[in-house]
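Got your viewer open and a free hand on the mouse? Let's take a walk through this model, one selection at a time.

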Amino acid sequence: MTNLSKALREKLIERFEIKAVKILTQQKSKDGTIKVAFKLWDDNIIEGVLIPTASRMTACVSSQVGCSLSCAFCATGFLERQRNLDAAEIYDQVVLIAQLAVKNYNIPLSNIVFMGMGEPLLNYANVMKGIDYITKPEGLGMSPQRITVSTAGITKMIKRLGDENVKFNLALSLHAANDVRRSSIMPINDTNNLEMLVEALNYFHEKTGTRVTLEYCVINDTNDHEQEALELAQFAKRVKCKINLIEYNPIEMATFKASSSEKIEKFAAILEQQKLIVNIRRSRGKDIDAACGQLANKNK
Ligand code: SF4
């Protein structure tokens, strides 16, 4: 900033530090998905993903360095949680991915999902502040309706989102609708079980009027039988929701495998017969480990 005097610039250097997030590496998938490794001021590394589709340009961002929740099917769960991201780091990720969207596709970012590394509701204050920066006119001016926060199910914080009457969308990573099975793949279920989740999601809906999304990774011979589809239907009927069935992405730390397309279609048909809203989400960026559950700083 040469428009400031040299003395003032020296004082600024002495007293302030700019801890900007920097792009460390970028990888582009065959399907156009771009995975970005970001370097933080303390040398920690996190990942974010740009997902281009015909109708959307979505940024998937991280909320923590690593994750403490150890979901058995997720690569991030195998990294220890180092720290929370602060609001500015969350905002920086979005800005940098938005720039990549314009640079690579000449299309502005349209959506943001908090589905990268970490559990956003265990970094509640920073995620809320980060969303505030993203949605403010002097920030990115993005509509909260284009933002989705995804949680493994921290019931106390889901209720708090309701109390704060947030305008963004909420997704729950469910993956099993039977307590024994869910606890076996998601230890968080031991303290935030299905009954508590139904109560919290209904509370959230009552306060905000927003329908939540249930995310369900379909894992071969783990949660993809008829019985499990019926359990999911029973759970889903108790909350105002839509269901996203997600093709599972295998990771090298675990032996889970993806279900076949036929099995996923059959699973979806059972839910549709129960008059539920179901979408099947095909995996993106699998060849560069950028798909759901695959973020693990492999290119560090
Ligand atoms: S799925 Fe989400 S909450 Fe579970 S370990 Fe991975 S990042 Fe953490």
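Below is a tour that starts at the sheet, moves on to the helices and ends at the ligand. Keep in mind as you click around that this is a predicted model.

**Stop 1: the sheet**

Switch to cartoon view and look for the open sheet, which is built from 10 strands with mixed pairing. Trace the order β1-β2-β3-β4-β7-β8-β9-β10-β11-β12. Now find the edges: β1 and β12 (278–281) each have a single partner strand, so one side of each has no neighbour in the sheet. Neighbouring strands here are turned against each other by 25° on average, ignoring direction.

**Stop 2: the hairpin at one edge**

Select residues 22–28 for β1 and 34–39 for β2; the two strands are antiparallel and share six bridges. Click on isoleucine 23 and you can look across to phenylalanine 38, its bridge partner in β2. Then go to the turn, where five residues sit between the strands and glycine 32 takes a positive phi near 95°. While you have strands on screen, here's a handy rule: side chains in a regular strand alternate between the two faces of the sheet.

**Stop 3: a parallel pair**

Next, pick β7 (residues 111–114) and β8 (residues 147–151), which pair in the parallel sense over three bridges. Show phenylalanine 114 and valine 149 of β8 as sticks, since these two are bridge partners.

**Stop 4: two helix pairs**

For packed helices, people quote the angle between the axes and the distance between them. Select α2 (residues 87–105) and α3 (residues 124–135): their axes are 8 Å apart, at an angle of about 45°. That angle makes α2 oblique to α3. On the α2 side, the contact is made by Ala87, Ile90, Tyr91 and Val94, while α3 brings residues including Val127, Tyr133 and Ile134. By class, this contact has seven nonpolar, two polar and one charged residues.

Now try α4 (residues 155–163) with α6 (residues 194–208), whose axes come within 8 Å and cross at roughly 10°. These helices count as roughly parallel, because the cut-off for that is an angle under 35 degrees. Among the contact residues are Ile158 and Leu161 of α4, and Leu197 and Phe204 of α6. Here the classes are eight nonpolar, three polar and four charged.

**Stop 5: the ligand**

Which residues come nearest to the ligand? Of the 13 around the ligand, they are Cys67, Cys71, Cys74, Gly77 and Ala152. Colour the whole shell by class and you should get six nonpolar, six polar and one charged.

Conventions: Residues numbered from 1 in each chain as written. Predicted model: local features only at pLDDT ≥ 70, side-chain atom pairs only at ≥ 80, totals over all residues. Near = placed C-beta within 6 Å. Nonpolar A, V, L, I, M, F, W, Y, C, P; charged D, E, K, R; others polar. Axes fitted to C-alpha atoms, helices over the stretch in contact; angles between N-to-C directions. Helix = DSSP H or I, 4+ residues; strand = E, 2+ residues; numbered from the N terminus. Parallel < 35°, antiparallel > 145°, perpendicular 65-115°, else oblique. Contact = placed C-beta atoms within 7 Å. Pairing = 2+ DSSP bridges.
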